[in-house]
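Student: I have a model open with a ligand in it. Can you show me how to read the ligand site and then a strand?

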Amino acid sequence: MSDSPISTEKRGDILIVTSNNPPVNALGAGVRVGLDAALTQASADDGIKAVVLICAGQTFFAGADITEFGKPPVEPILTDLIPKIEAFDKPVIAAIHGTALGGGLETALGAHYRVAVPSAKLGVPEVKLGLLPGAGGTQRLPRVVGVKAALEMTAKGDPISATQAHKWGLVDELAEEGALLDTALALAEKVKAIRPIPRVSERTISPDDAAIEAFRKENARKFRGFDAPAANIACVEAATRLPFAEGIDFERTEFMKLMFGSQSAAQRHIFFAERKASKIDGIASDIALRPIAKVGVIGAGTMGGGITMNFLSAGIAVTIVEQAEEALNRGVGVIRKNYEASAAKGRLTTEQVEKAMGLLTPSLSLDDLSDCDLIIEAIFENMDVKKEVFGKLDAIAKPGAILASNTSYLNVDEIAASTSRPQDVLGMHFFSPANVMKLLEVVRGANTADDVLATVMALAKKIKKVAVVAGVCHGFIGNRMLMPRQVEANKLLMEGATPEQIDRVHVEFGMPMGPFQMSDLAGVDIGWHRDPTRIESIRDALCAEDRWGQKKGAGFYDYDEKRNPTPSPRVAEIIEDFRSRSNMPKREISDQEIIERTLYTMVNEGAMILEEGMAQRASDVDVVWIYGYGWPVYRGGPMFWAGLEGTPKIVEGLKKHGFTISPLLAEKAEKNEGF
Ligand code: 3HC
């Protein structure tokens, strides 16, 4: 018996070539060798008049095998195999189900006909890995779907439905679900004698400079900082200008540049990091999970409402509890308004809105949570109040119910100790707005049971979150690393930097906003002592003058009615005043010093988090920063970036400013390696 993932079966004069390479039929070496052999078999056999290429399992080829990237190529390579399919002298029909992605769709484009079930999705997501479709996709796709659609598909990377693909001519025939092979065989029968065989590379395409220019302009903001979108656009443009073979050469050169650049390495790192994050060290992947059919949420404020929406959208019933009727009604109203806004944008149907709202039970009594399988507390950050709530929950919740706190800083073990069942307690730290942000820090207490942790990690996937396990420490992973950044940013103001300069350095680095822009957005007054006469910091002075951030039209910046920021002369005065009062000499601060003191310090804190075992692995820290704070994905997260920047350089930079270096970071620097 052969262990090749490719098997063949002759049905009449059609050869059915089936790939079975779980989980996603990636086009690894074994698949390519098998496909090549199948072509040889079909070529040698005069009794074969056409070939149907189909996949077993969940999906058609979901792309090249990403784990092979960066390693020496194994023949036959995809860029040779696809032209061989296209040049084949008997018709080849690709039969698509699941996802035809990247090299998978490129293989289908090399085939002469494409059949798909309506539920299939087709796309070239390479741009999300910092790449471009490098097996002829940028040259063949525009010849089939046109310039505009090809730009959308390559430079943004989102897949399209088979129905859309059918409309655009990318799919020749739609098959009924379950009848893919039969439809492909029928088509093979119909076309087996047709000559010339239609080959995409032989189609012509006209230049469309206006469309390309408009697309570049429209998406300039979205593509800021990324190399790959521009390269994808350039390749599509080349398809409209160059003969096919030259276009392929152009594509190859651009692909290689991206493949060996740091951005793609970072983006591929994050692809695997995101998937690894869901795995819990030391817990068997087949551990029995607790069923979660009903969720309780305590608090109908911004956080509680957002958390609730995640579950409703996933079809899970929620009971939401508030203390006062007015607050409850307001909270439920906001949830409805958010859903209706999505419906207005065409993202949801009215039925979907009503279905979600129908799963919601508002209540004024904690007693109504007695039938919930998971209860999430989302009230304000105060240990005494949280302990009181958990004490009550202990008496109300059914045995085995999971009790979670949405705290962003507080000690989950202390909260758990206020119940008689600390094994059922953990932290579920959502990020605001909780219905939008993808990150969920799942905080594992000292006594949290394995099945409780595993249940919540699995549930996170169901509500479309990227979850990371964190240990109990102040601020967990994300907010803990934010602290040294904030402290240094504030010190830098005193020493002579401006909020604009510090924010600019962060935005140029690729962050969506800098520390002071973030402060203005979140509210400068968060955590303020609320005493306008007690002014001990620049922040206190701002708060005392009602400069609470965007919501007040003033914070570290001045804002107009449309919330456009401008540098504030008043803030400059406040800073100046503080500086002179503390006898701090003003000096020129370089952008590099800002990087050293606000970004290198984050790496240092991340290393301490790893040393203390508060994160399972460095890539988890990266996932937190990418999905929770908008760290530029093309820099791969702070720990991956440390490797790009060079750990020796980081240590040197930190030492210059007198920081204590984490032993783990020092060790990495000594060996000149990343995390
Ligand atoms: N190569 C290698 N492994 C892959 C892979 C690929 N292309 N795609 C997925 N996998 C692995 C995942 O790492 C994961 O492994 P794990 O179980 O060990 O963690 C496993 O397959 C299952 O993946 P998911 O958890 O993502 O499964 P889902 O069912 O949620 O999603 C999917 C399936 C939509 C196919 C998703 O995996 C996906 O988007 N894959 C990447 C598709 C892609 O980017 N293709 C382009 C590749 S680049 C290319 O083709 C270059 C060419 O132009 C030359």
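Student: Which helix gives the most to the shell around the ligand?

Tutor: Keep in mind that this model is predicted. Helix 11 gives the most, with 3 residues. Strand 5 (99–101) and helix 3 (103–110) also give two or more residues each.

Student: How many residues surround the ligand, and which are the closest?

Tutor: A residue counts if one of its heavy atoms lies within 4 Å of the ligand. Here 24 residues surround the ligand. The closest are Ala64, Gly103, Glu106, Glu126 and Arg275. By class, the shell has 14 nonpolar, 5 polar and 5 charged residues.

Student: Which atoms of Gly103 and Arg275 lie by an oxygen atom of the ligand?

Tutor: Look for N or O pairs within 3.5 Å. For Gly103, a backbone N or O atom lies 2.8 Å from a ligand oxygen. For Arg275, a polar side-chain atom lies 2.7 Å from a ligand oxygen. Gly134 also brings a backbone N or O atom, 3.0 Å from an oxygen of the ligand. Overall, the protein covers 72% of the 990 Å² of accessible area that the ligand has on its own.

Student: Now strand 16. Are its residues buried or exposed?

Tutor: Buried means under 20% relative accessible area. In strand 16 (residues 439–443), 5 of 5 residues are buried. Leu439, Glu441 and Val443 point one way, Leu440 and Val442 the other.

Student: In what sense does strand 16 pair with strand 15 and with strand 17?

Tutor: With strand 15 (residues 425–430) the sense is antiparallel, over 4 bridges. Met428 stands opposite Val442 there. With strand 17 (residues 466–470) the sense is parallel, over 5 bridges. The chain runs from strand 16 through helix 17 (residues 450–462) to strand 17, a right-handed β-α-β crossover.

Note on methods. Residues numbered from 1 in each chain as written. Predicted model: local features only at pLDDT ≥ 70, side-chain atom pairs only at ≥ 80, totals over all residues. Heavy atoms only, no water. Buried < 20%, exposed > 50% of the residue type's maximum accessible area, 1.4 Å probe, protein only. Pairing = 2+ DSSP bridges. Right-handed = clockwise from strand over helix to strand, strands pointing away. Polar contact = N/O pair within 3.5 Å; in protein donor to acceptor, adjacent residues only side chain to side chain. Areas by Shrake-Rupley, 256 points an atom, 1.4 Å probe, with all protein chains shown as cover. Nonpolar A, V, L, I, M, F, W, Y, C, P; charged D, E, K, R; others polar.
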